[in-house]
Amino acid sequence: MATYQAHETAIIDPGCSIGDDTRIWHFSHIMTGCTIGQQCNIGQNVVISPQVVLGNRVKVQNNVSVYTGVICEDDVFLGPSCVFTNVANPRSAVSRKEQYQQTYVGRGATIGANATIICGHKIGEYALIGAGAVVTKDIQPYALVVGNPSRQIGWVSEYGHRLEFDKEGFAVCPESGQHYRLTGKGVVRIQ
Ligand SMILES: CC(C)(COP(=O)(O)OP(=O)(O)OC[C@H]1O[C@@H](n2cnc3c(N)ncnc32)[C@H](O)[C@@H]1OP(=O)(O)O)[C@@H](O)C(=O)NCCC(=O)NCCS
């Protein structure tokens, strides 16, 4: 017996799986066939479209629509009013329901307020997408990106701090003390 909580104004369609200790706030709509993990927080006026998969501890801030084709791993943060898409070339008179493109958001990644994610891309784990960015390409793990079209301006730790790499390519997160290495392939956490 699941122990999630939903405000009385929330609508949860049949066929959803919602994990323990997840909270769903005012006027939100969870559509059929969704899988939502444990300890998630689904804010106000959120729509989770059919078949969407959210991992554990995902936070969805107010006014976000998570469309079919989106997958969010554990610990993803979706900032207020950020926007997903699932059709690259929509036309009202042409049905593209069978052609939804996927958007994959890796573990621990953050999407800033009002950012827009063009479908068909992968946002790497712990990447941080700045407020208002428009993402048009795949984003590397731990990348910090801003702007329209978004451009990478640095790297961030799992705690969301800028990583300043020394000449040997090592950096330490000032909050967690975790160590990172920058190679030609990108950033990895080493301890
Ligand atoms: C992207 C972000 C993490 C950068 O923070 P930061 O590392 O402290 O960066 P700074 O403020 O030092 O800015 C560095 C540069 O990037 C620019 N910049 C910062 N955020 C930007 C953004 N969202 N879009 C475009 N440019 C941005 C700054 O203007 C600055 O440019 P400059 O070097 O030409 O002066 C932060 O600005 C941001 O957008 N956070 C998301 C907040 C959010 O949406 N929260 C949601 C929950 S409330």
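Colleague: Leaving aside neighbours within four places in sequence, which residues is Cys82 in contact with?
Modeller: In this predicted model, Cys82 is in contact with Asn63, Val64, Ser65, Ile111, Gly112, Asn114 and Ala115. Contact requires heavy atoms within 4.5 Å. For Ser65, which is 17 residues from Cys82 along the chain, the C-alpha atoms are separated by 8.0 Å.

Colleague: What makes Cys82 count as buried or exposed?
Modeller: The relative accessibility of Cys82 is 2%, and buried means under 20%. Cys82 therefore counts as buried. Cys82 is found in the loop between β13 (77–78) and β14 (83–84).

Colleague: Which residues surround the ligand?
Modeller: The residues around the ligand are Phe77, Pro80, Gly112, Ala113, Leu128, Gly130, Ala131, Leu144, Val146, Ile153 and Arg162. Gly112 is also among the residues in contact with Cys82.

Colleague: How do you know that Ala113 makes a polar contact with the ligand?
Modeller: A polar contact is a pair of N or O atoms within 3.5 Å. A backbone N or O atom of Ala113 is 2.7 Å from an oxygen atom of the ligand, so the pair meets the cut-off.

Colleague: What can be said of Ala131 and of Arg162 with respect to the ligand?
Modeller: For Ala131, a backbone N or O atom lies 2.9 Å from a nitrogen atom of the ligand. For Arg162, an N or O atom in the side chain is 2.9 Å from an oxygen atom of the ligand. Both distances are within 3.5 Å, so both pairs are polar contacts. As for area, the ligand taken alone exposes 910 Å², and the protein buries 38% of that.

Colleague: How many aromatic pairs are there?
Modeller: The count comes to two aromatic pairs.

Colleague: Why is the pair of Tyr126 and Tyr142 called stacked?
Modeller: The ring centres of Tyr126 and Tyr142 are 5.6 Å apart, within the 6.5 Å needed for a pair. Their planes stand at 15°, under the limit of 30 degrees, so the pair is stacked. Tyr126 lies in the loop between β18 (122–123) and β19 (128–129), and Tyr142 in the loop between β20 (134–135) and β21 (143–146), so the pair ties together parts that are 16 residues apart in sequence.

Colleague: What makes Tyr126 and Tyr142 buried?
Modeller: The relative accessible area is 15% for Tyr126 and 4% for Tyr142. Both values are under 20%, so both residues are buried.

Colleague: Why is the pair of Tyr142 and Tyr180 called edge-to-face?
Modeller: The centres of the Tyr142 and Tyr180 rings lie 5.5 Å apart, which is within 6.5 Å. The angle between the planes is 70°, over the limit of 60, and the pair is therefore edge-to-face. Tyr142 is in the loop between β20 and β21 and Tyr180 is in strand β24 (residues 179–183), so parts that are 38 residues apart in sequence are tied together by the pair. Tyr126, Tyr142 and Tyr180 form one aromatic cluster.

Colleague: How do you know that β24 and β25 pair?
Modeller: Two strands pair if at least two bridges are found between them. β24 and strand β25 (residues 186–189) have four bridges, in the antiparallel sense, and therefore qualify. Leu182, for instance, has Val187 in β25 as its bridge partner. These strands form a hairpin with two residues between them.

Colleague: Which way do the strands that pair with β21 run?
Modeller: β19 and β21 run parallel and are joined by two bridges, with Val145 in β21 as the bridge partner of Ile129. β21 and β22 are antiparallel, over four bridges, and the bridge partner of Leu144 is Gly154 in β22. β21 and β22 also form a hairpin with four residues between them. In its turn, Gly147 has a positive phi of about 95°.

Colleague: What makes the peptide bond from Asn148 to Pro149 notable?
Modeller: That peptide bond is cis, with omega near -5°. Pro149 lies in the loop between β21 and β22 (151–155).

Colleague: Why are Arg57 and Asp75 called partly exposed?
Modeller: Partly exposed lies between the limits of 20% and 50%. Arg57 has a relative accessibility of 32% and Asp75 a relative accessible area of 27%, so both fall in that range. Each is a residue other than glycine with a positive phi, near 60° for Arg57 and near 65° for Asp75. Arg57 is found in the loop between β9 (53–54) and β10 (59–60), whereas Asp75 lies in the loop between β12 (70–72) and β13.

Methods. Residues numbered from 1 in each chain as written. Predicted model: local features only at pLDDT ≥ 70, side-chain atom pairs only at ≥ 80, totals over all residues. Heavy atoms only, no water. Phe/Tyr/Trp six-rings, centres within 6.5 Å; stacked < 30°, edge-to-face > 60°. Buried < 20%, exposed > 50% of the residue type's maximum accessible area, 1.4 Å probe, protein only. Near = heavy atom within 4 Å. Polar contact = N/O pair within 3.5 Å; in protein donor to acceptor, adjacent residues only side chain to side chain. Areas by Shrake-Rupley, 256 points an atom, 1.4 Å probe, with all protein chains shown as cover.
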